[in-house]
Amino acid sequence: MRIGVLTGGGDCPGLNAVIRAVVRKGVFHYGDSFVGFSEGWRGLLENKAMPLDLSTVAGILPRGGTILRTSRTNPAKHADGLQRCTEALKQNRCDALIAIGGDDTLSVALKLNQTGARVVGVPKTIDNDLAGTDFTFGFDTAVNIATAAIDRVHSTAEAHNRVIVVEVMGRDAGWIALYSGIAGGADVILIPEQPFDVDKVAESLKQRHARGRYFSIVVAAEGAKFADGKLATLDGGAKLDEFGHVRLGGIGNALAQEIEKRTGYETRSVVLGHIQRGGSPSAFDRVLATRYGLGAIDMVHRGEFGQMAALRGNKIVSVPISDAIASNRKVDPEMIEVAAGILDKLEDVKETAAK
Ligand code: F6P
């Protein structure tokens, strides 16, 4: 078969490992040939095809980013977008397409599949908030990076008697904040799932300091909301991408100011931003991404179109793309309990938020 491959949406470590696994198994085991479409759906819209073979994928396993590059292009926002995508597949003699991406990319994959294109999806997002699968690749790397950063800010916070707020990624779900906050021993963890009362946050820090501690670490997901539901955006929410998302950012700074005002403790913030998305994937993500790639190419040959490779337990299985994009996957309540078990006053913050 001749198979097209693209990567869409925000990049994350492990994309190259998926591409490599798809191509290697396709060539070695099925005699396939491949064509890459560069810059996500823009590659299909504008027919930007590139060679994709064993030599193109050589040496890419440890590399971050994606050799196919990416974009947040949404064909549905362009005149005859889906039709142009189908045309590009035909012109490049593609029997099938593997689309590697998050809910936005996969929503387009499903639409294209519904128009008759043979598409298989691979789940990708640093935020780990895609339904239908237990974990997405890239998440583990991001958690490791964020944890290392939290370890680092601990020593400087301690040296200066400061509170440091660490802002991590996580638009709709707080997976990175929760995991890195637990792993890094944060004192307060704020996630989009639980709007927070800043008075309660300040109170819990005061209680900690009253116990003799003289520094604190707060981890906040960029999508964490104040109790009134307010989100921190970079430009007041003025700019939307083609999928309608605002540019999040600034919760760390806003929170630091509010904490300092309420506690009198000197407070700083640090935004990890794209550092979490860049660089080499962890060993876990390389293995997971490789397994997703192998799962996807097998699905193409089994004719499982409109489906996505998914991790369930420790098995790679095939699930409908429609299931994956139906809802945003919130953090596991059991992990909230883990955090609640070790964090002072998280319960109070949670209860206040729920009122
Ligand atoms: O892809 C998810 C994500 O990493 C979010 O956590 C974050 O809000 C967003 O991407 C940032 O996107 P961009 O790189 O386009 O600014």
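These questions and answers cover the ligand site and the domains of a predicted model.

The model is predicted, with local features needing pLDDT of at least 70 and side-chain atom pairs pLDDT 80 or more, while totals for chains, interfaces and linings use all residues. Residues are numbered from 1 along each chain as its sequence is written, and side-chain values use heavy atoms, without hydrogens and water.

Biologist: Which residues surround the ligand?
Modeller: A residue counts as near if one of its heavy atoms lies within 4 Å of the ligand. The residues around the ligand are Arg72, Ile126, Asp127, Met169, Gly170, Arg171, Glu222, His274 and Arg277.

Biologist: Which polar side-chain atom lies 2.6 Å from an oxygen atom of the ligand?
Modeller: Polar contacts here pair N or O atoms within 3.5 Å. Arg72 places a polar side-chain atom 2.8 Å from a ligand oxygen. Arg277 also has one at 2.8 Å from a ligand oxygen. The one at 2.6 Å belongs to Glu222.

Biologist: How much of the ligand's accessible area does the protein cover?
Modeller: Accessible areas come from the Shrake-Rupley method with a 1.4 Å probe. On its own, the ligand has 400 Å² of accessible area. The protein covers 78%.

Biologist: How far apart do the C-alpha centres of domain 1 and domain 2 lie?
Modeller: The bounds come from an automatic or database domain assignment. Domain 1 is 2-137 + 281-324, and domain 2 is 141-277 + 332-354. The ligand shell draws at least three residues from each. Their C-alpha centres are separated by 33 Å.

Technical notes. Polar contact = N/O pair within 3.5 Å; in protein donor to acceptor, adjacent residues only side chain to side chain.
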